[in-house]
Amino acid sequence: MTTRRERSESVVVEGRVVADFGREFLVEFADRRQVVCTRKGKRQDATCGDFVEVRLTGSAQGSIERVGTRRNLLYRSDQWREKMLAANVDQVVILLAPKPLFSEAFLNLSLVACEAARIPAIIALNKSDLPEHAQSVKTLAPYEKIGYSVISMSAKFDNMKPLTPHLEHKVTLLVGQSGMGKSRTVNALVLSDVARVGDLTASLESGAHTTTFSRFYRLDKDTAIIDTPGFQSFGLFHLTEDQIGEAMREFRPFLGHCKFNDCAHLGEPGCAVVAASQKGEISAARMSFYQVLIEQHRDLHEQHPEWSR
């Protein structure tokens, strides 16, 4: 509870955003008190994981006065808008499943977004109890080859042991398409906190809060996860072509060695990246993904030059 003195002086307190409801935010202070906050003015530039300064305006209410400097930010964008997912995280876990079959395009887009934001990514393949799981493991082998950790787990049977060691002493952002079992995974990790935030959303009279926005859950003093809503696409409209190429980690040894400085790796003469793909040093599937992405990226920016950076 906010004290009478705090209310009378309208004290500014430092905290961290632990739930992002779009126009409202849940902020937690060092003593674990939590208050529902709005952002001053029309700015909606806070997100889950942000460190903020809050001016208390009531017993459990406040106004975010300032958003602290971020060490990273993961967000997705299309030609219409950007959606911040979380800030100040140590890693991202991309949750997949063999049924419904995960989208490899979604996986690749997610990996590019993580690499561009300089956030390490782990691939977690859920539903290891299903017979289709073995084939999905084979599908993910090329990602292990280029350095990504691939973990098999089953949230349904509480088999979280393969995942939990990777979470220790880190703030981890969970992303995934709808149907991958992310809600069950979160429940298996932090059932009590899920219930607590559910109570909060009920008090705010908006059931949409529980599925639409990001939420921060503590597993212990030094470990936390941030759950994001399931979504089907991961737009990268905010990235440049050079940033996309740099985010393909297996491209990096060959970047800067093309005949032309402005090579887009779409088949230009003397392209070192295409040559590496032809030699099998870059998988044909990843090369094809990149080239299709660049073509789509160009089409979108040509259609909407007013939004291009």
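Biologist: Taking buried to mean under 20% relative accessible area, exposed over 50%, and partly exposed in between (1.4 Å probe, protein chains only), how many of the 9 residues of strand β1 are buried?

Modeller: In strand β1 (residues 12-20), 7 of the 9 residues are buried, so the strand is largely enclosed by the rest of the structure. Helices (H or I, at least four residues) and strands (E, at least two) are DSSP runs, numbered from the N terminus. Please keep in mind that this is a predicted model, in which local features need pLDDT of at least 70 and side-chain atom pairs count only at pLDDT 80 or more, while totals for chains, interfaces and linings use all residues. Residues are numbered from 1 along each chain as its sequence is written, and side-chain values use heavy atoms, with hydrogens and water left out.

Biologist: And the whole protein, how many helices and strands are there?

Modeller: The protein has 10 helices and 13 strands, and of its 309 residues 49% count as buried. If contact means heavy atoms within 4.5 Å, then residues 24 or more positions apart account for 67% of the contacts with a separation of 6 or more.

Biologist: Back to β1, which strands do bridges join it to?

Modeller: Two strands count as paired if DSSP finds at least two bridges between them. Strand β1 is joined by 5 bridges to β4 (residues 51-58), running antiparallel, and by 5 bridges to β2 (residues 25-29), also antiparallel. On the β4 side, Gly15 has Val52 as its bridge partner, whereas on the β2 side Ala19 has Leu26. The hairpin of β1 and β2 has 4 residues between the strands, and there Gly22 takes a positive phi near 90°.

Biologist: Which residues other than glycine have a positive phi?

Modeller: Most residues other than glycine have a negative phi, and most peptide bonds are trans. Arg118, however, has a positive phi of about 60°; Arg118 sits in the loop between α2 and β9 (121-125) and is exposed at 74% relative accessible area. Another case is His169, with phi near 60°, in the loop between α5 (164-167) and β11 (171-176), where His169 is exposed at 59%. As for peptide bonds, a cis one joins Lys99 and Pro100, with omega about -5°, and Pro100 belongs to the loop between β8 (91-96) and α2.

Biologist: Switching topic, how many salt bridges does the count come to?

Modeller: Counting a side-chain nitrogen of Lys or Arg within 4 Å of a carboxyl oxygen of Asp or Glu as a salt bridge, the total is 16. Among them, Asp31 pairs with Arg33, with the closest N and O atoms 2.9 Å apart, and Glu115, Glu246, Arg249 and Arg252 are linked in a network.

Biologist: What about Arg39 and Asp45, buried or exposed?

Modeller: Their side chains meet in a salt bridge at 2.6 Å, N to O; Arg39 is buried, with a relative accessible area of 6%, while Asp45 is partly exposed at 30%.

Biologist: And which parts does the pair of Glu241 and Arg298 tie together?

Modeller: Glu241 and Arg298 form a salt bridge whose closest N and O atoms are 2.6 Å apart. Glu241 lies in helix α8 (residues 241-247) and Arg298 in helix α10 (residues 284-303), so the pair ties together parts that are 57 residues apart in sequence. Glu241 is partly exposed at 25% relative accessibility, and Arg298 is partly exposed at 32%.

Biologist: Last one for today: where is Ser63, and is that residue buried or exposed?

Modeller: Ser63 is in strand β5 (residues 61-67) and is buried, with a relative accessible area of 12%. Leaving aside neighbours within four places in sequence, Ser63 is in contact with Cys37, Thr38, Lys40, Glu53, Val54, Arg55 and Thr57.

Biologist: Then Ser149, what is that one in contact with?

Modeller: With the neighbours within four places in sequence again left aside, Ser149 is in contact with Ile122 and Ile123. The C-alpha atoms of Ser149 and Ile122, 27 residues apart along the chain, are separated by 5.3 Å. Ser149 is found in strand β10 (residues 149-152) and is partly exposed, at 34% relative accessible area.
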